[in-house]
Amino acid sequence: MDGDLTTGHIPTLIKKIAIPASVGFFFHTMYNVVDTYYAGFISTEALAALSLSFPLFFIILAMSSGVSTGTTALISNALGEGDKEKAKDYAAQAVSFGVLLSIVLTIAGIAASPPLARLLGASGNYLHITLSYINVIFYGTITFVLIQVFNSSLVAMGDTKKLRNYLILGFFLNLVLDPWFLFGGFGLPSLGFEGIALATIIIQLLGAIYIGWNAVKLGMLSGDFWKRMIPKKRFYRDIMYQGLPASLNMMTVAIGIFVITYFVSWFGQNGVAAYGIAVRIEQIALLPTVGLHIAALSIVGQNNGAKKFGRIAETYKKTIIYGICAVTIGYLFVVFFARQLIQLFTAEAEVVALGIQYLHIALFISWSYVLLFVTVSTLQGMKRPMYAVWIGAYRQIVAPLIIYYVLALALGLSGIWLGILIVSWSAALVTVGYCYWVMKREGIVA
């Protein structure tokens, strides 16, 4: 077992972890772009249904990613302490915890998706095609969860290359499976909109097998893995203590997307379609923050366990600087080519205009995302997970319900875009201030 992050050049370690992670999530984002592209072949209604499904789909991502983040923090701290057996216990317990979690999410998701979709304005055929997609996704919940919990072991050791490899392969598989399942051929009947969801589940299953196998090869899930998987109260309690706040933080993002989609739906299907397309484009510019917050989590986690506080401060500072530089370049590209990028998915003039409007404002939001994401990951690596819940509740639920409502009434759809900017920056500034206070109290900074 390797993966010591308590020694070595910090910038080199950040690049070693962040670059493969960002490359992988670029292909993950392009994967979603492919889904959006083929949904556009069906109708604008199908595009809107895909956007409407996202806050429901994100519930799965939120819970699985939260457990993964919490487990990564626990494993990395254990490795930093030099206790490899405890690290293996956390890795195995996270798998059994994840299986139980996926069962709960599947049952709850299928039951809750119809009323939630109706609340977002879906009815008739719009509701039917939305549920045809999201129900298939919920049936495959376990594949999403297993990828995340298996990958937590790899990330804790600083290995983001395996997930990158899978995400690249998954993108190319999706290029083949999406049109095949959507339109049929080679003996397969046309599966329509459900085919896009089925392609995702198949690719996720292959990913779970690949990532799990690599976790075994690197030594985290080898030996008496099956025995270690038997649920133990102490480890489950630790996973829930560290992972549940991270899950709740991600869940607030899911609720936040739900809230935004709710207010955007006031302005019709074109507004929902425009937001869905623009967000997928925006995710491309945000990719560096994904790699950097993963790097911050794993490096800070191990060095927190080893009590090497100087390396924590350096990691935090460097990831912020790298992030601001990278997203500035990315967002300038997105803004300059906004029209052309949106027109890849739709020719509807109103959808294009609304999407451009959002992307132009998103440029000014980008730095706040860097500050927020990297700082929250740093706090999680220091085993301070609860702050993410409180700032997530403010940023995704409390402030949006007030600010989006007021600005939507006053300025229309553009008021929602402006509201995102106001809420994001206020949350980022408070978060940075809190992190500085914690670091000063712990003696990490002067």
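## Salt bridges

In this predicted model, the side chains of Arg-228 and Asp-89 come together in a salt bridge, with 2.6 Å from N to O. Arg-228 belongs to helix α8 (residues 225-228) and Asp-89 to helix α3 (residues 84-119), so this pair ties together parts that are 139 residues apart in sequence. Is Arg-228 buried or exposed? Arg-228 is buried, because its relative accessible area is 12% and buried means under 20%. The pair also has company: Glu-85, Asp-89 and Arg-228 are linked in a network of salt bridges.

How many salt bridges does a search of the whole structure find? The search finds six. One of them joins Lys-86 to Glu-81, where the closest N and O atoms are 3.2 Å apart. Lys-86 counts as partly exposed because its relative accessibility is 23%, and Glu-81 is likewise described as partly exposed, at 44%. Another salt bridge brings together the side chains of Asp-159 and Lys-162, at 2.9 Å from N to O. Here Asp-159 counts as buried, with 12% relative accessibility.

## Helix α6 and what covers it

Lys-162 leads us to helix α6, since Lys-162 is listed among the buried residues of that helix. Helix α6 covers residues 161-183, which makes 23 residues. From its first C-alpha to its last, α6 reaches 33 Å, close to the 33 Å expected at 1.5 Å a residue. Where does α6 bend? The bend is at Asn-174 and amounts to about 30°.

Asn-174 is itself one of the buried residues of α6. Others in that group include Leu-163, Tyr-166, Leu-167, Gly-170, Phe-171, Leu-177 and Asp-178. Towards the end of the helix, Pro-179, Phe-181 and Leu-182 are also buried. The cover over these residues includes α1 (10-42), α5 (141-156) and α7 (193-217). Just after α6 comes Gly-184, which takes a positive phi of about 85°.

## Helices α7 and α9

One of the helices that cover α6, namely α7, can be checked for length too. Its 25 residues should span 36 Å at 1.5 Å a residue, and its end C-alpha atoms are 37 Å apart, which agrees. After α7 comes Gly-219, with a positive phi near 100°.

Helix α9 (residues 233-264) has 32 residues, which should span 46 Å at 1.5 Å a residue. The end C-alpha atoms of α9 are 43 Å apart, which agrees with that expectation. If you follow α9 along its path, you will meet a kink of about 35° at Gly-243, shortly before the proline Pro-245.

## Two lysines in loops

Two loops each hold a lysine to look at. Lys-307 sits in the loop between α11 (287-305) and α12 (309-336). Its phi is near 60°, a positive value in a residue other than glycine. Lys-307 counts as exposed because its relative accessibility is 59%, and exposed means over 50%.

Lys-383 is found in the loop between α15 (366-381) and α16. Phi of Lys-383 is near 60° and thus positive, again in a residue other than glycine. Lys-383 counts as partly exposed, at 37% relative accessibility.

## A nonpolar patch on the surface

Helix α16 brings us to the surface of the model, where a nonpolar patch is found. Its members are Leu-119, Tyr-262, Trp-266, Phe-267, Val-398, Leu-401, Ile-402, Tyr-405, Val-406 and Leu-409. Together they have about 940 Å² of accessible area.

Which helix gives the most to the nonpolar patch? That is helix α16 (residues 386-411), with six residues. Val-406 lies in this helix and counts as partly exposed because its relative accessibility is 45%.

## Ile-444 after α17

Our last stop is Ile-444, in the segment after α17 (413-441). Ile-444 counts as buried, with 9% relative accessibility. Which residues does Ile-444 touch, not counting residues up to four places away in sequence? They are Phe-309, Ile-312, Ala-313, Met-382 and Met-439.

Ile-444 can also be compared with Gly-310 by position. The two are 134 residues apart along the chain, and their C-alpha atoms are separated by 6.3 Å.

How values were computed:
Residues are numbered from 1 along each chain as its sequence is written. This is a predicted model: local features need pLDDT of at least 70, side-chain atom pairs count only at pLDDT 80 or more; totals for chains, interfaces and linings use all residues. Side-chain values use heavy atoms; hydrogens and water are left out. Patches are made of residues with over 30% relative accessible area and no salt bridge: like charges are joined within 9 Å, nonpolar side chains (Val, Leu, Ile, Met, Phe, Trp, Tyr) within 5 Å. Accessible areas come from the Shrake-Rupley method with a 1.4 Å probe; for residues, only the protein chains shown count as cover. A salt bridge is a side-chain nitrogen of Lys or Arg within 4 Å of a carboxyl oxygen of Asp or Glu. Helices (H or I, at least four residues) and strands (E, at least two) are DSSP runs, numbered from the N terminus. Buried means under 20% relative accessible area, exposed over 50%, partly exposed in between (1.4 Å probe, protein chains only). The expected span of a helix is 1.5 Å times one less than its number of residues. The bend at a residue is the angle between axes fitted to the seven residues ending there and the seven starting there. Contact means heavy atoms within 4.5 Å.
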